[in-house]
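Colleague: Got a minute to go through this model with me? I'd like to talk charges, helix ends and surface patches.

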Amino acid sequence: MYHNPGAGGVTFLKTVELIINLPTSKLNSTFTYLVPPPYEDEAVFGKRVLVDFGGRREEGYIVGEGRHPIGEEMKPILRVLDTDTVFDQDLLALTRWMADYYLCPLATALNLMVPKILRQKKGRIYIAGIDELEYEQLVRQGTKLDADLMTQLWESGGLNHSQILKYINEALLRDWIEQGYLISTGNYRLGRRVSQRRSYILGDFDPERNMPALHRRAPRQAAIMEMLLQNGSLDEDTIRSNLPLSSLKALLDKGYIRVQQHQVPTPTEVDLTGEQEWAAARIKEALNSGARSEFLLFGVTGSGKTEVYVQAAQSAIQQGRGVLVLVPEIALTRQLVDVFASRIPDLAVLHSAMTAGERYEEWRRIKSGEARLVLGARSAVFAPVPNLGLIIMDEEQESSYKQEDNPRYHTREIARHRATQESAVIVLGSATPSLETFHAAVTGSIQLLPLTSRIGGGQMPQVFIEDLKTAFKNDCRGYLSPFLREKISANLDRGEQVILFINRRGYSPMTVCWECGSIATCPSCSVGMTYHSDIGENVCHYCNLHLPAENRCPDCGGTHLQLIGSGTQRIEEYIRNVFPQAVVARLDADSSRRKGAQKSILDGMRRRQIDILVGTQMVAKGLDFPNVSLVGVIDADGMLNLPDFRAGERCFQLLVQAAGRAGRSQTQGEVVIQTFNPNHPIINLAARQDFQGFYEYETDLRRILGYPPFTRLLRLVISGEDESAVQDTAMAAASFIEEITDASEADITVIGPASCPIARIRNRHRHQLMVKCRDPALLRSVAAYIMARPPAKHVRIDIDFDPISTL
């Protein structure tokens with residue numbers, strides 16, 4: 001109760017502890033506010049409220065409740081903004097750990113737990129900015145205020161826009177808000193429920209009798225009917241992307257199609273290999289123990305890791321525990337949804353391609369316990385899964401698991417902490433795990449579950465290393481060597497599919513003037529502009545600046561401009577010209593931008609409607625197309641020659657993952673890797689798919705140079721528009737680090753400062769410092785000291801623990 005007599009007859013008032021929702025670590029402590037009687041039942045843990053903080057109206061998260069004796073001055077909350085709680089105690093504990101581990105503001109971390117739609121206020125609400133005493137003082141001073149309006153505001157707690165205009169006009173409303181007499185705010189209402197997507201199947205339709213007339217009168221309806229005849233069923237997104245709602249209704253009214261009723265998945269018996277059975281049994285034992293355990297499921301491509309995931313998930317759900325499955329790409333989300341949904345009911349999906357309403361509906365199902373398994377990309381790690389028992393992280397080595405903005409968290413570390421916090425089992429899966437993860441398995445920190453062979457007796461693909469120097473000497477000037485072209489032709493003749501991988505989107509990464517030698521570069525970044533033929537523009541892939549492609553050199557006026565190098569668009573164009581009979585598609589960030597486009601491309605590959613798929617690393621990760629028997633890597637060298645200590649690791653992983661898309665059925669696949677460095681150890685190890693050999697080769701270098709997994713890294717990026725101020729700040733930071741660590745017995749190394757390989761982004765010059773040390777706590781102390789020292793004006797220092805990229 002609000003008035004609660006305690007010992008000695010003292011009356012206590014309800015209070016709440018708040019985290020103020022401002023992005024600064026200086027506010028990582030809580031603040032106590034009084035709860036007025038009208039809000040006593042509403043103001044509970046997990047909701048947001050509006051408060052007066054330092055003379056400004058700010059929002060706060062309620063993270064605790066208490067009592068306070070009457071008589072002591074305390075600010076009251078002004079309004080409760082949520083109708084339901086938006087986080088629980090487990091997620092709050094995760095937030096506090098993140099704020100400590102990544103040295104980020106508590107509020108910033110807590111905002112990650114709240115769905116986007118619940119961070120958008122619905123409608124305008126106006127509340128009183130002054131109380132009765134302040135009102136009386138203003139009136140005595142001659143200020144004209146509407147007494148009826150103020151009384152109504154105090155009694156009701158707030159009025160909407162139309163209600164308040166019954167008392168005052170728009171001009172007076174704006175003036176009162178500016179003077180602080182009124183506060184304009186809103187409510188965080190629950191998102192609107194989104195209906196579940198439906199699938200459609202054939203109804204009473206006779207192709208011979210009905211199709212001719214449909215072709216004449218409604219060709220788009222006829223096209224949909226042909227797709228249904230071929231595939232058996234189509235989801236709502238596919239039909240709506242090809243048909244207007246009126247045409248869909250017409251097909252339903254005619255009875256030609258009908259809605260497919262939701263069916264509960266029936267138990268499916270799957271024959272496991274001995275290795276799969278052993279791995280699944282080990283995970284089940286850990287689940288039964290109820291203690292935190294961590295595994296690395298290390299299996300070659302096509303070894304059946306997904307089936308082990310499904311078996312483990314079913315075991316966890318049978319115990320009443322929740323399951324979280326994380327994937328690095330939306331494309332993999334869609335593929336795994338089909339696998340899990342056919343075996344496990346009550347599944348929820350979370351990824352960035354969904355609308356805010358769709359994501360909210362899934363979040364609501366997860367929070368209520370209705371969905372027992374959650375499958376999604378990076379941000380799904382914060383899903384409010386009740387009684388979490390199992391976390392599966394597929395392709396754990398992928399860089400997309402690392403958040404690029406503050407807080408720069410790694411999904412793997414968040415997942416590990418959630419597993420510790422909730423005594424859950426975590427399974428990391430990959431054919432090419434990160435060196436840090438594999439080193440942890442080799443040294444016994446986590447348990448290793450190897451899968452050494454492909455399921456169903458499938459063979460690993462045969463890999464050819466094609467020396468482009470030889471092709472060049474033989475006067476071959478195309479993007480494919482004669483050998484790769486021959487392989488593609490033979491593949492197409494057999495009716496098999498091809499994947500061509502080039503890790504560069506756009507048409508050409510460089511436009512050069514042959515008269516003066518200038519290169520088209522971004523005016524805001526120190527990178528070249530990439531020409532995109534589909535829009536006829538040069539695009540910066542760092543700041544997203546779009547400029548029209550020039551016919552003349554802007555420096556000398558010359559007309560001899562040439563596009564150098566190739567991206568996915570140029571390779572797609574080349575393939576269409578060389579193989580005009582083939583159906584060619586492209587899968588990259590540009591072709592996937594339109595809603596439903598990526599799904600359409602992947603479905604086309606599964607239905608064998610596409611002969612050749614050209615793509616970036618999106619085609620190299622975990623996709624399973626049984627009819628793909630040839631993979632061509634267009635340019636292996638571009639991945640290898642980056643100024644980053646992880647470049648070799650990333651190149652090896654992508655080559656092996658890309659090669660793993662070939663020959664996933666009974667037919668042995670083939671892989672052709674085009675390179676100017678055929679003797680490079682990384683390329684040869686990838687061709688042999690020798691991860692153990694790569695691990696030994698790369699860790700020997702890392703041990704000598706003192707890089708992970710033998711040390712931990714802290715990266716400081718100092719940026720600003722004034723390059724001299726950036727340099728001075730970077731030098732001062734390096735000197736300060738040397739000073740504060742001078743007496744430390746720990747082996748700590750400072751590298752730099754130096755310009756970042758990409759020295760300028762969005763008109764901000766960039767310098768970096770790298771600090772290496774075995775003790776992560778010491779690195780956090782160094783970072784905390786740096787953050788406590790304000791940098792020069794207009795200079796920013798970004799902190800990144802365990803960086804994935806040093807560009």
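What follows is a short back-and-forth about a predicted model.

Colleague: Let's start with the charge pairs. How many salt bridges does a search of the whole structure find?

Modeller: Side chains of opposite charge can pair when their charged atoms come close. Searching the whole structure for such salt bridges gives a total of 37.

Colleague: Take the salt bridge between Glu370 and Arg364. Which of the two partners counts as buried?

Modeller: Their side chains meet with an N to O distance of 3.4 Å. Buried means under 20% relative accessible area. Glu370 comes in at 38%, so that one is partly exposed. At 19%, the partner that counts as buried is Arg364.

Colleague: And for the pair Glu496 and Arg494, which one is partly exposed?

Modeller: This salt bridge has an N to O distance of 3.1 Å. Glu496 has 15% relative accessibility, so it counts as buried. With a relative accessible area of 48%, the partly exposed one is Arg494.

Colleague: Now Arg586 and Asp588: are they buried or exposed?

Modeller: The two side chains form a salt bridge, 3.0 Å from N to O. As for accessibility, both Arg586 and Asp588 are buried.

Colleague: Which residues are linked in a network of salt bridges?

Modeller: The acidic side brings Glu294, Glu396 and Glu413 into the network. Linked with them are the arginines Arg292, Arg412 and Arg416.

Colleague: On to the patch of negative charge on the surface; where does Asp131 sit?

Modeller: Asp131 gathers there with Glu132, Glu134 and Glu136. Its relative accessible area is 36%, so Asp131 is partly exposed. Its place is the loop between strand E7 (122-128) and helix H3 (132-140).

Colleague: What does the side-chain oxygen of Asn169 reach at the start of helix H6?

Modeller: Helix H6 covers residues 170-179. The oxygen of Asn169 comes to within 3.3 Å of the backbone nitrogen of Ala171.

Colleague: Just after H6, which residue takes a positive phi?

Modeller: The phi there is about 90°. The residue, just after H6, is Gly180.

Colleague: Last one: what is the area of the nonpolar surface patch that includes Leu705?

Modeller: Leu705 is in helix H24, residues 691-705. It has a relative accessible area of 52%, so it is exposed. Together with Tyr697, Leu701 and Ile704, Leu705 makes a nonpolar surface patch of about 400 Å².

Notes. Residues numbered from 1 in each chain as written. Predicted model: local features only at pLDDT ≥ 70, side-chain atom pairs only at ≥ 80, totals over all residues. Heavy atoms only, no water. Patch = residues over 30% accessible without salt bridge, like charges linked within 9 Å, V, L, I, M, F, W, Y side chains within 5 Å. Areas by Shrake-Rupley, 256 points an atom, 1.4 Å probe, with all protein chains shown as cover. Salt bridge = Lys/Arg side-chain N within 4 Å of Asp/Glu carboxyl O. Lys, Arg positive; Asp, Glu negative; His and termini not counted. Charge placed at Lys NZ, Arg CZ, Asp CG, Glu CD. Helix = DSSP H or I, 4+ residues; strand = E, 2+ residues; numbered from the N terminus. Buried < 20%, exposed > 50% of the residue type's maximum accessible area, 1.4 Å probe, protein only. Polar contact = N/O pair within 3.5 Å; in protein donor to acceptor, adjacent residues only side chain to side chain.
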